[in-house]
Amino acid sequence: MRYLSPGTATRISRIGLGAWQFGSREWGYGQGYAGQEAHAIVRRAIELGVTLFDTAEIYGFGRSERILGAAIGEDRDSVFLATKIFPVLPVAPVVEQRAVASANRLGTSRLDLYQVHQPNPVVRDGTIMRGMRALQRVGLVGEVGVSNYSLDRWRAAEEALGARVLSNQVRYSLVDRSPERDLLPFAESTGHLVIAYSPLAQGLLSGRYDRDHRPANRLRAANPLFLPENLDRAGDLREVANAHAATPAQIALAWVIRRPAVVAIPGASSVGQLESNVAAADIDLTEDEEAALHAAAVRFRPVSGPAVVPRLLRSRLAR
Ligand SMILES: NC(=O)c1ccc[n+]([C@@H]2O[C@H](COP(=O)([O-])OP(=O)(O)OC[C@H]3O[C@@H](n4cnc5c(N)ncnc54)[C@H](OP(=O)(O)O)[C@@H]3O)[C@@H](O)[C@H]2O)c1
């Protein structure tokens, strides 16, 4: 495992574990997964040196936090635990109360990273950051983070907090390189972090799916990336892996964390996937491989926009 230590007491593994899948109906992994496999995934992740674990109050309406906290158990002090508040009513007293509720579900007295899940379109960040400041003062929150923020809004949040907002958690993968425009250069030059979510594009980049083998769950049935045409078009992106003796998922993850200020939090549906994802932290891509991936990423033009709606409907009916 490789780590970053941006002035935090616990170092942060370059490959973490995303826990949206734990107890969330939209992934459709069922009771056996929530009750046993999720626990085994977390235990194996800790054994392999993963320290970064990401969840949110909204995942499974608190179930993800409960499952994750129980599985971490006595290893609490060796991990960097991150959760998120969904900023519906982001006034300070509500923020404080919601942080306490998350900490209780996680079975901890400290949230290492407390993130604003997405920018509130109406309320500016001054109000939420007042709550965050109070939480930091009493030691319930270590670092403050944001998610799905533009660079301007990330900076404004930092100004409102009056201290660093360590990280911005955003979608970043071979099929969505938009953080490269300004978030990555900012993070790299200022000691901030970008936490890459959906680094496998929810499994599109895993090599497991093609037009004849599409994922069944309703989350991905509604994701245009999993339309047959787009699965065909993503074929190129999986090719480099064959030359590297790694899996497509590992190459996709190695590509995401090649940038120095990025850590990735892939989700996993099995212990085997987790082990494979952790191993990606040690892969160094060659310049040729990076160039080949870049070229394939530029060539990848998924069907998108209004054109996807009738296609999604057709493909749902065809199942
Ligand atoms: N802040 C936000 O707004 C936001 C949004 C989305 C996600 N997130 C966070 O980011 C985390 C990860 O994102 P994500 O879950 O959307 O997508 P992801 O990590 O790109 O994809 C996860 C899925 O890919 C498949 N997979 C994982 N490892 C694999 C491997 N080694 N080989 C083959 N398939 C593999 C699994 O699905 P199958 O086995 O079923 O194919 C798994 O459930 C979440 O858990 C959550 O913590 C945050």
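A polar contact here is a pair of N or O atoms within 3.5 Å, and within protein one of the two must be able to donate a hydrogen and the other to accept it. With that in hand, here are the close-ups; keep in mind that the model is predicted.

**View 1. His192 and its polar partner, Glu158.** The side chains of His192 and Glu158 make a polar contact at 2.8 Å. His192 sits in the loop that links helix H6 (183–190) to strand E9 (193–197). Is His192 buried or exposed? Its relative accessibility is 8%, and buried means under 20%, so His192 counts as buried. Setting aside neighbours within four places in sequence, its contacts are Trp154, Glu158, Arg164, Val165, Leu166, Phe186, Ala187 and Ala261. If you pan over to Asp212, you'll travel a while: the two residues are 20 apart in sequence, but their C-alpha atoms are 42 Å apart in space.

**View 2. Trp154 in the largest nonpolar core.** This core holds 86 residues, and Trp154 is one of those that touch the most other members, along with Phe22, Val42, Phe53, Leu68, Tyr114 and Met129. A second core lies apart from that one; it has 12 residues, including Leu4, Leu113, Ile195 and Val263. Back at Trp154, which residues does it touch beyond four places in sequence? The list runs through Val146, Tyr149, Val165, Leu166, Ser167, Asn168, Leu183, Phe186, Ala187, His192, Leu193 and Val194, so the histidine from View 1 shows up again.

**View 3. The open sheet, strand by strand.** Eight strands line up as E3-E4-E5-E6-E7-E8-E9-E10, with parallel pairing. Strand E3 (17–18) and E10 are the edges, each pairing on one side only. Moving in from the E3 side, strand E4 (residues 52–54) pairs with E5 in the parallel sense over 3 bridges, and Leu52 stands opposite Phe80 of E5.

**View 4. Strand E6 between E5 and E7.** How many residues of strand E6 (residues 111–116) are buried? The count is 6 of 6, so this strand is mostly covered. On one side, strand E5 (residues 80–85) pairs with E6 in the parallel sense over 4 bridges, with Thr83 opposite Tyr114. To get from E5 to E6 the chain goes through helix H3 (residues 92–106), in a right-handed β-α-β crossover. E6 and E7 also pair in the parallel sense, over 5 bridges, and here Leu113 stands opposite Glu143. Helix H4 (residues 125–137) carries the chain from E6 to E7, and this β-α-β crossover is right-handed too.

**View 5. Glu143, an acidic residue inside strand E7.** Glu143 belongs to strand E7 (residues 141–147). With a relative accessible area of 14%, Glu143 is buried. Which residues touch it, leaving out those up to four places away in sequence? They are Gly7, Thr8, Phe80, Asp112, Leu113, Tyr114, Gln136, Arg164 and Leu166.

**View 6. The ligand and its surroundings.** The ligand has 32 residues around it, and the closest are Tyr29, Arg208, Tyr209, Arg220 and Ser269. For Arg220, a polar side-chain atom lies 2.6 Å from a ligand oxygen atom. Ligand nitrogen atoms feature as well: one is 2.8 Å from an N or O atom in the side chain of Ser147, and one lies 3.4 Å from a polar side-chain atom of Tyr59.

**View 7. Positive phi at Asn148 and Ser198.** Most residues other than glycine have a negative phi. Asn148 has a positive phi, near 60°, and is found in the loop between E7 and helix H5 (151–161). Its relative accessibility of 29% makes Asn148 partly exposed. Ser198 has a positive phi as well, near 45°, and its loop runs between E9 and helix H7 (218–221). Ser198, at 17% relative accessibility, counts as buried.

**View 8. Helix H10, mostly covered.** In helix H10 (residues 248–256), 8 of the 9 residues are buried. The buried ones are Ala249, Gln250, Ile251, Ala252, Leu253, Ala254, Trp255 and Val256. What do these buried residues pack against? Their partners are E9, helix H9 (239–244), strand E10 (262–264), helix H11 (271–279) and helix H12 (287–299).

Conventions
Residues are numbered from 1 along each chain as its sequence is written. This is a predicted model: local features need pLDDT of at least 70, side-chain atom pairs count only at pLDDT 80 or more; totals for chains, interfaces and linings use all residues. Side-chain values use heavy atoms; hydrogens and water are left out. A nonpolar core is a set of buried Ala, Val, Leu, Ile, Met, Phe, Trp, Tyr and Cys residues joined through side-chain atoms within 4.5 Å. Buried means under 20% relative accessible area, exposed over 50%, partly exposed in between (1.4 Å probe, protein chains only). Contact means heavy atoms within 4.5 Å. Helices (H or I, at least four residues) and strands (E, at least two) are DSSP runs, numbered from the N terminus. Two strands pair if DSSP finds at least two bridges between them. A crossover is right-handed if, with the strands pointing away from the viewer, the path from the first strand over the helix to the second runs clockwise. A residue is near a molecule or strand if one of its heavy atoms lies within 4 Å of it.
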